[in-house]
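Dear colleague,

I am handing over the structure we spoke about, and it is shown just below. My notes on what was found in it follow after that.

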Amino acid sequence: MQTVKIPVSIDPTRAATSGLSYHGYIPGKQLKRLSELCAGDCSDVIVSLECGVDLQGIVYLKGKAVTELTLQCQRCMALMTTEVTVDFCFSPCRTEAEIDELPDAYDPIECNEIGEIRLHQLIEDELIIAIPIIPMHQQADCSLGSKDIVVGEIEPAQQERPNPFAVLEKLKSK
């Protein structure tokens with residue numbers, strides 16, 4: 001199988017009944033929203049996708065997407081490269097009832113008005129969700145290492161204040 005560009009959109013029902021599978025890439029420069037979240041360029045996304053129909057007659061799109069992103073380490077503020085991998089399994093749904101009946105193994109997706117799915121947008125959404133919330137180097141690789149950063153001054157501990165309920169305790173003992 002040769003590596004090709006993944007199509008921008010596909011008809012999931014037609015692809016599933018034909019048993020199509022794709023192994024290819026999406027150019028990183030086409031994923032604008034993902035690029036905006038990165039500190040540098042987004043590399044090409046390697047995608048493998050299998051379309052099929054399961055034993056229950058449910059149309060599915062199952063696959064994996066892998067890319068490398070340049071993010072800013074939130075500990076030392078230096079740039080770092082991290083690999084982001086997502087596994088997905090979708091099934092197209094047209095009505096709310098179909099979504100309710102869909103097994104938990106599948107995530108529902110909506111088709112557009114001509115019955116197609118925007119595959120690039122779908123994969124980009126999954127990668128955005130998979131970006132680490134707080135990207136950081138491993139502690140051994142970070143330039144700050146285990147040094148803690150303190151921002152501002154820490155106030156000294158105050159003198160111990162009297163307990164406001166001490167008066168009640170005196171009343172109780174009588």
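To begin with the charged side chains, and bearing in mind that this is a predicted model, Asp-11 forms a salt bridge with Arg-14, with 3.6 Å between the closest N and O atoms. Arg-14 is exposed, its relative accessible area being 58%. The search of the whole structure finds three salt bridges, and Arg-33 takes part in a salt bridge with Glu-124, where the closest N and O atoms are 3.1 Å apart. Because Glu-124 lies in helix H4 and Arg-33 in helix H2 (residues 32-37), this pair ties together parts that are 91 residues apart in sequence. Arg-33 also meets the side chain of Asp-125 in a salt bridge, at 2.6 Å from N to O, and since Asp-125 lies in helix H4 as well, that pair ties together parts 92 residues apart in sequence. Through shared partners, Arg-33, Glu-124 and Asp-125 are joined into one network. Within this network Glu-124 counts as buried at 6% relative accessibility, whereas Arg-33 counts as partly exposed at 36% and Asp-125 counts as partly exposed at 27%.

Turning to the interior, the largest nonpolar core has 32 residues, and those with the most contacts inside it include Val-45, Val-47 and Ile-123. Strands E3, E4, E5 and E6 and helix H4 each give two or more residues to this core, and the largest share, five residues, comes from E6. Val-47 touches, among others, Ile-6, Tyr-22, Gly-24, Ile-26 and Ile-123. A second, separate core of six residues includes Tyr-60, Cys-89, Cys-93 and Leu-102.

Strand E3 deserves a separate paragraph. Along E3 the side chains alternate, with Tyr-22, Gly-24 and Ile-26 pointing to one face and buried, while Ser-21, His-23 and Tyr-25 point to the other and are not buried. E3 runs parallel to strand E1 (residues 4-5), to which two bridges join it, and the bridge partner of Val-4 in E3 is Gly-24. With E4, strand E3 pairs in the antiparallel sense over six bridges, and Tyr-22 has Leu-49 as its bridge partner in E4.

Lastly, two aromatic pairs are found in the whole structure. The rings of Tyr-60 and Tyr-106 have centres 6.3 Å apart and planes at 25 degrees, so this pair is stacked. Tyr-60 is buried, with a relative accessible area of 13%, and Tyr-106 is buried too, with 12%.

With best wishes

Conventions
Residues numbered from 1 in each chain as written. Predicted model: local features only at pLDDT ≥ 70, side-chain atom pairs only at ≥ 80, totals over all residues. Heavy atoms only, no water. Core = buried A, V, L, I, M, F, W, Y, C linked by side-chain atoms within 4.5 Å. Buried < 20%, exposed > 50% of the residue type's maximum accessible area, 1.4 Å probe, protein only. Helix = DSSP H or I, 4+ residues; strand = E, 2+ residues; numbered from the N terminus. Contact = heavy atoms within 4.5 Å. Pairing = 2+ DSSP bridges. Phe/Tyr/Trp six-rings, centres within 6.5 Å; stacked < 30°, edge-to-face > 60°. Salt bridge = Lys/Arg side-chain N within 4 Å of Asp/Glu carboxyl O. Lists of a residue's contacts leave out its neighbours within four places in sequence.
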